[in-house]
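Visitor: I would like to learn how to read a protein model feature by feature. Where should we start?

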Amino acid sequence: RIIEQAGTPPLTAMTDINKLIDVAEAGDMLLPEQLEKFMSFIGTCKRLKQYLKRAESTGTEIALYGCSIIELPELYCEIDRCIRNGRVDDRASNTLYDIRRKMENTTEQIKVKLNSILSRNKVWFSDNYVSMRGNHYTLPVKREYKNNVPGSVIEISNTGGTCFIEPSSVSRLQQDLGTLEVEEDSEIRKILYTISAQINDALPDIYRNIEAMETLDFLFAKAKLSIDMKASPVVVTTERKITICNAIHPLLDMKTAVPLNFELGGKTRGVVITGPNTGGKTVA
């Protein structure tokens, strides 16, 4: 009745949620993509609670399961604020925002210096672009000109014709960038540990929601199947009687199957089913 009046419930697969709970319980740090799975689960719980609230108008007891689902709006908003597209967002903390702005500025300064060298001495280089080698911004210097570019050789091409050199003029900036990367990683870990701890605190409510979701998933799966089968509920009584009207075996195609009418009890003490092989006796 709920599905027919309110539509399909917003149930989704709880992929790996139990494994992620183990990580949170152990006090370990959850990764951004793992936090997004928790956020997705919390969002699904909220939508299902709203769905069941609307379904209360059907007068079915199952709709009251929505009362057992606990919304976690603060946790949802915190994850949504801090995590974007599988990474910690710049705005997750003021410190992280400042670090990343400094990283952008430093990176831009490095590129400006390197492009200046490229444009002034094009003959020295095998390509006209800055190349990343082992987290270092380098210039692709032809082997015969490597002494013309003071700096550190980071890598040599397979043919040996090109040396990827980090010029001395950007070494200090490169060191500054490395320091900022360490600070960035430290701040990211701090943010992730903080949210992981918040999830750990919310685990009792998350467990309760999982139990409700699993129960509802099973109930609605049966409901969808009964709709597909055009099934009817069987009334069980204490009478010594069985009556089946226009029944069709659930594994048969309803369009081609021949319905069965069957009755036992009262004057009918037994039924004998006869017929040739593949005539349908087992199905009946």
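What follows is a conversation about the cores, helices, sheet, cysteines and backbone angles of this predicted model.

Visitor: Which residues have the most contacts inside the largest nonpolar core?

Guide: A nonpolar core is a set of buried nonpolar residues joined through side-chain atoms within 4.5 Å. Here the largest one has 41 residues, and L35, F38, I79, V88, I199 and I206 have the most contacts inside it. Two or more residues come from each of α1 (2–6), α2, α3, α4, α6 and α7. The biggest contribution is that of α3, with 10 residues.

Visitor: What does L35 touch?

Guide: Leaving aside residues up to four places away in sequence, L35 touches L30, I79, I83, L192, I195 and I199. Another core, of 18 residues, lies apart from the one just described; M103, I110, Y137 and L139 are among its members.

Visitor: I79 has come up twice. Which residues of helix α4 are buried?

Guide: Buried here means under 20% relative accessible area. In α4 (residues 73–82) the buried residues are L75, I79 and C82. Viewed down the axis of α4, they fall within an arc of 80°, so they line one face of the helix. They pack against α3 (32–55), β1, β2 and α6 (171–201).

Visitor: And where do the buried residues of α2 fall, seen down its axis?

Guide: First the list: I17, L20, I21 and A24 are the buried residues of α2 (residues 17–25). Their arc is 105°, so these residues also line one face of their helix. Their cover includes α3, α6 and α7 (203–229). After α2 comes G27, with a positive phi near 80°.

Visitor: Now the sheet. In what order do the four strands of the open sheet run?

Guide: For a sheet, read the order, the sense of pairing and the edges. The order is β3-β4-β6-β5, with antiparallel pairing. At the edges are β3 (131–133) and β5 (151–156), each of which pairs on one side only. From one strand to the next the twist averages 50°.

Visitor: How many bridges join β3 and β4?

Guide: Three bridges, in the antiparallel sense, join β3 to β4 (residues 136–142). Within that region, R133 stands opposite H136 in β4. Helix α5 (residues 94–120) packs on the sheet and touches β4 and β6 (162–167). The direction of α5 makes about 10° with that of β4.

Visitor: How many disulfides does the model contain?

Guide: A disulfide is a covalent bond between the sulfur atoms of two cysteines. With a cut-off of 2.5 Å between sulfurs, the count is zero. C67 is in no disulfide, since its nearest cysteine sulfur, that of C45, is 15 Å away.

Visitor: Is C67 buried or exposed?

Guide: C67 is exposed, at a relative accessible area of 55%. C163, by contrast, is buried, at 3%.

Visitor: Last, backbone angles. Which residue other than glycine has a positive phi?

Guide: When reading phi, note the sign and the residue type. One such residue is N85, with phi near 50°. N85 sits in the loop between β1 (83–84) and β2 (87–88). Its relative accessibility is 77%, so N85 counts as exposed. N246, not a glycine either, has a positive phi of about 50°.

Visitor: Where is N246 found?

Guide: N246 belongs to strand β7 (residues 241–247). N246 is exposed too, with a relative accessible area of 53%.

Notes. Residues numbered from 1 in each chain as written. Predicted model: local features only at pLDDT ≥ 70, side-chain atom pairs only at ≥ 80, totals over all residues. Heavy atoms only, no water. Buried < 20%, exposed > 50% of the residue type's maximum accessible area, 1.4 Å probe, protein only. Pairing = 2+ DSSP bridges. Axes fitted to C-alpha atoms, helices over the stretch in contact; angles between N-to-C directions. Contact = heavy atoms within 4.5 Å. Arc of directions from axis to C-beta.
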